[in-house]
Amino acid sequence: MPDHYYTQTPVSAHKPGQVDFLWRGEKLVFETDSGVFSRTEIDKGTEILLNALPEELSGSLLDLGCGYGVIGVTLGRRYPGLSVTMSDVNERAVELSRRNAQHSGVQAQVMQSDGYASIPFRRYDWILQNPPIRAGKSVIYAMFAEGARRLEPNGALWLVIRKQQGAESAAAYLKTLFGQVEAVTKKGGYWVLRCARPVENV
């Protein structure tokens, strides 16, 4: 069976690559490899999510399902005061994220975790996610529910999801977890959802 990007230990032959990315004046270079998400180019959904964010970010940020680190490294480079944590289930992605953070001069905590399972409990001001749709609805909805528990009171969960892959039903579910769910951007078939004010006891 071929590797999926959410495979814990990819066995596919290494195919090292490089992706360049320009975001808000910051030029970044990412190492990539086989067996990780969107290895040949920056994923369109990830780029749309980043472009939807406000001009200033501060506090603590979790890049959940970080892949090779595009979100966490990009934001850590642009906002050096941001406390960045990146996690992914994929061992190869985690190692790439570590190297990409180091190469870009970003101080970040990078860890392997299946969802939140191995992330020590703490609360974040920002949780950003391009969820692994192919892992299935039960997997990503569990991530959304735990995300509601991991936010600071004034924090927000931001995620990007394609309309044809369940954006509307995801938004409906998120409204059971959060007092505020808004579609910040709808572009190219992608929805960026901002979820705030977690409902107590979810």
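In the next few minutes I will go through the sheet, the helices, the nonpolar cores and one pocket of this structure, which is a predicted model.

Let me begin with the sheet, which is open and built from seven strands in the order 5-4-3-6-7-9-8, with mixed pairing. At its edges stand strand 5, residues 108-112, and strand 8, residues 178-187; each has a single partner strand, so one side of each is left without a neighbour in the sheet. If we ignore direction, neighbouring strands are turned against each other by 15 degrees on average. Strand 8 pairs with strand 9, residues 190-198, in the antiparallel sense, and eight bridges connect the two. Within this pair, F178 is placed opposite P198 of strand 9.

Two helices pack on this sheet, and I would like to take them in turn. Helix 4, residues 137-149, touches strand 3 (60-64), strand 6 (124-129), strand 7 (151-162), strand 8 and strand 9, and its direction makes about 160 degrees with that of strand 7. Helix 5, residues 167-174, touches strand 7, strand 8 and strand 9, and its direction makes about 5 degrees with that of strand 9.

Turning now to the interior, which residues have the most contacts inside the largest nonpolar core? They are L75 and W158, in a core of 38 residues. Once neighbours within four places in sequence are set aside, the contacts of W158 include L49, A52, L53 and P54, and also W126, I127, L128 and Q129; V184, V192, L193 and R194 are among its contacts as well. There is also a second, separate core, with 27 residues, among them L62, I140, F144 and W191.

L75 brings us to helix 2, where V70, I71, G72, V73, T74, L75 and G76 are buried. Because seven of the nine residues of this helix, which spans 70-78, are buried, helix 2 is largely enclosed by the rest of the structure.

Finally, let me come to the second largest pocket, which holds about 170 Å³ of space. Its lining consists of 10 residues, and those nearest the centre of the pocket are R123, A148, L151, P198 and V199. Which element gives the largest share of that lining? It is strand 7, with three residues, while helix 4 and strand 7 each supply at least two. P198, then, appears twice in this account, as the residue opposite F178 and as one of the residues nearest the centre of this pocket.

Definitions and conventions: Residues numbered from 1 in each chain as written. Predicted model: local features only at pLDDT ≥ 70, side-chain atom pairs only at ≥ 80, totals over all residues. Heavy atoms only, no water. Core = buried A, V, L, I, M, F, W, Y, C linked by side-chain atoms within 4.5 Å. Buried < 20%, exposed > 50% of the residue type's maximum accessible area, 1.4 Å probe, protein only. Contact = heavy atoms within 4.5 Å. Helix = DSSP H or I, 4+ residues; strand = E, 2+ residues; numbered from the N terminus. Pairing = 2+ DSSP bridges. Axes fitted to C-alpha atoms, helices over the stretch in contact; angles between N-to-C directions. 1 Å grid on protein atoms, 1.4 Å probe; cavity = no way out; pocket = protein on both sides within 12 Å on 5 of 7 lines; lining within 4 Å. Points joined across faces, edges and corners; volume = space filled by probe spheres on them.
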